[in-house]
Every structure is written in C-alpha cells, then in structure tokens.
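Let's take a walk through this protein together. Have the sequence and the 3D view open side by side, and follow along as we go.

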Amino acid sequence: MVVPIHILMCEVEEDDALRIVSCLLEEGVEATHERVEDAESVATALRLRPPDIVFSDYRMPCLTAHDVLRLLHEAGLDVPFVLVSGPVGDERAVALMRAGARDFVCKDRLSRLAPVVRRELREAECRHRLSCLDRLAGGLAHDVSNLFGVILGHAELALDMLPADAPGRAGVERIQQAAGQGEALARRLLVPGQADRPEPVELNTVVEETAGLLRPILSAGVDLVTRLAPGLPAVGIDRAALAHALINVLVNALAAMPDGGRLTIETARAGDGGVRLTVSDTGHGMPAEVAEHAFEPFFTTREQGTGLGLPTARGTVEEAGGRTTLTSRPGSGTTIHMYLPAAR
C-alpha cells in the first residue's frame, strides 16, 4: 500500500492548492495537504503534524516565503521547502535558495513538480539516515580520499609502464588527472572552512584540464578550440568551483549546437588587473527577450535540464568577487565572459 505524503501548503488560493495536489496525483504522487495562510497557522501545523514537504507561494497577504522558511528553521525540522509560485525575479529566487529553499517551480510549469518532490523526498531520506552528513562526514571523506588515492596510484604505475607513444596512454593520463582532482576535493572536505581560503589558481591550467576531460566525449562535428593568453596572474577562487562553473557553461554551449559547431575557450587579461575567461559557441543563439533571462534560476529553453547551470556559474564567479556577462543573437551563437579578480 502506498502511504500518501503530507504537504504543508502555504497558499491563499484553495483552487491553486487543489490544482497542485491534482497535478501530483496525475503523476502518481499520493498526497494529503493542509493549507495555511498566516504565520501562526504555519507554526501550529509544523508542531502538530510535521509535513513531509512544504510548498509556499512567494508572497501572501499575511505571510511570505521567507517567513515560512524562518518558521521551518525555528521548528528544527529537516523538511524540504519548495517555492511554488508565479514568476518572482532572479534576485528574489536566489535569495530564497540561499536561505534554504530547495527548488522553485512556477505555477504555470507544474509538470516539473512531481520529479522535484520525488527527488527532494529521496534526498531528505538520505539526510535523515546520515543525520548522525557530522560523525560520519569525516570518515566518509577520508574513505573517498583513499579510494581516489588507489586509483591515482594505479594510474601512475600504468603510466610508468606505458611507452610515451602507447595508444592508451592519453586515456590513462585523463584517469590520473580526474583522480587527482577528486582526491583534492575529498581533502578539502576533511578540513572545515578550507574552501573559504582558496589557494591561488592558474586559470590556464584549469582550462586545459577541463578541455582535456571534455574532448574525448564531444559529439562528432564539435570542434573545441582553446586560446590561452600567457603570463596571466593567478586568480583567487576555489579550483574545483572554477572547474565546475566552466563545465556548466560548456554544457550549455554544447546543448546549443546539436548539429555541431565550434566551441571556443579564451583567456585574457582584464582591464581591472584581473583575468577574463570567455566561452563562445556557434550555436543557434537566443533573441534578446530570452537572453535576458539566461541567468535566472530554473529558466531553461531545453526539454531536459534544471536551468541551474548558468546561475550556478555566475554565483561561483560572484562569490569570488567577479562578474559574468552574456551576449547572444539568433543564428550567431552565444558568448559568455567571466571576469575574475587576481589573487591577493
């Protein structure tokens, strides 16, 4: 027997609440719900019948999504919070995500809701199992580091035995490179706060490594070109975060070139003493009214995708003190500039 989940619905309109639950039911998600409209009702509901998940509109006459998040935190409940609302704007959505919201589903795109609910409930269950992600975290990171160490060691042994012109040597070198990055990330997890004190990063090195990992899996007809300026100053950003941001941008660029094209990564000095990382593609491009939403969380023109790639990349750059810009025209591709400050 399927046990229905229980939803706390912070929503003024009863019709909207019923439409949301009906949409979930159509997708096979059995649910009961309690609709509330003010802070006192939220606090009471959280105390008397803790929900499996919380939905909230952005703003109601006597309640806001930020109020609901605050009450949820005060109740000490590890319950997923999903904003289910009309358009709220880029800055507001980002602020809610930073405050603890797990996702944002527009009311006119409720088809996304059931997959979001399933994912969040699954992740919540994992968090609950690991609630003792403090005693286990150090050991888990240590074990992961050890596994990557084994992979790295065997890769190094294989490289010692392979001639320089061996056909499989390039693949083993990529394994060595990826394992080294994984081991470094696991070590950062073992040292709380280390990510807040990033070591200076050589931008060209990160670009070369990322391009090297990407080239073997490129579709036929996609040409990846790198143009790297020499003598650039090191940048003050976490290495893994920078690589992840670059990968997010590259994945979006590749999605815009389903029939192939040229993908170019360039580095150069910026006028303010920092550096500029540029990714350009020759894909289908975007009209101005679409391009202006490209950095909004969960905005996507793709059938499959979360719409978080570019917002995540921009957030990473901004956290390092940089900025990101985008230009695009239909039929002329898209160019993204990421400006990063020099390391201090």
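What follows starts with the whole chain, moves to a pair of helices, and ends with a few individual residues.

Before anything else, keep in mind that this is a predicted model. The protein chain is built from 11 helices and 12 strands. How much of the chain is buried? Of its 344 residues, 42% count as buried. As for the outside, the chain exposes about 18,500 Å², and carbon and sulfur atoms supply 53% of that area.

Now zoom in on helix 8, which covers residues 203-214, and helix 9. The axes of these two come within 10 Å and cross at roughly 50°. Are the two helices parallel, perpendicular or oblique to each other? An angle between 35 and 65 degrees falls outside the parallel and perpendicular ranges, so helix 8 and helix 9 are oblique to each other. The crossing of helix 8 past helix 9 is right-handed.

Which side chains and backbones make up this meeting place? From helix 8 come Leu203, Thr205, Val206, Val207, Glu209, Thr210 and Leu214, and across from them helix 9 brings Arg239, Leu242, Ala243, Leu246, Ile247, Leu250 and Leu254. Sort the residues of this contact by character and you get 10 nonpolar, two polar and two charged.

Stay in helix 8 for a moment and pick out Asn204. Is Asn204 buried or exposed? Its relative accessibility is 17%, and because the cut-off for buried is under 20%, Asn204 counts as buried. Once you set aside the neighbours within four places in sequence, Asn204 is in contact with Leu228, Ala229, Leu232 and Thr267.

Next, follow helix 9 (239-255) out of its end and into the loop that leads to strand 9 (261-269), where you'll find Asp259. With a relative accessible area of 77%, Asp259 is over the 50% mark, so this residue counts as exposed. Ala220 sits 39 residues away along the chain, yet the C-alpha atoms of Asp259 and Ala220 are separated by 8.7 Å.

Carry on past strand 9 and you come to the loop between strand 9 and strand 10 (275-281), home to Gly271. Gly271 is exposed too, with a relative accessible area of 92%. What is the C-alpha separation of Gly271 and Tyr339, 68 residues apart along the chain? The answer is 9.9 Å.

Two more stops remain. Glu319 belongs to helix 11, residues 309-319, and at 68% relative accessibility Glu319 counts as exposed. Glu319 and Ile237 are 82 residues apart in sequence, while their C-alpha atoms lie 8.5 Å apart in space. Finally, go back along the chain to Arg59, which is found in strand 4 (residues 59-60). Arg59 has a relative accessible area of 55%, so Arg59 is exposed as well. Its C-alpha atom is separated by 9.8 Å from that of Gly86, 27 residues apart along the chain.

Methods
Residues numbered from 1 in each chain as written. Predicted model: local features only at pLDDT ≥ 70, side-chain atom pairs only at ≥ 80, totals over all residues. Heavy atoms only, no water. Helix = DSSP H or I, 4+ residues; strand = E, 2+ residues; numbered from the N terminus. Buried < 20%, exposed > 50% of the residue type's maximum accessible area, 1.4 Å probe, protein only. Axes fitted to C-alpha atoms, helices over the stretch in contact; angles between N-to-C directions. Parallel < 35°, antiparallel > 145°, perpendicular 65-115°, else oblique. Left-handed = near helix turned anticlockwise from the far one by under 90°. Contact = heavy atoms within 4.5 Å. Nonpolar A, V, L, I, M, F, W, Y, C, P; charged D, E, K, R; others polar. Areas by Shrake-Rupley, 256 points an atom, 1.4 Å probe, with all protein chains shown as cover.
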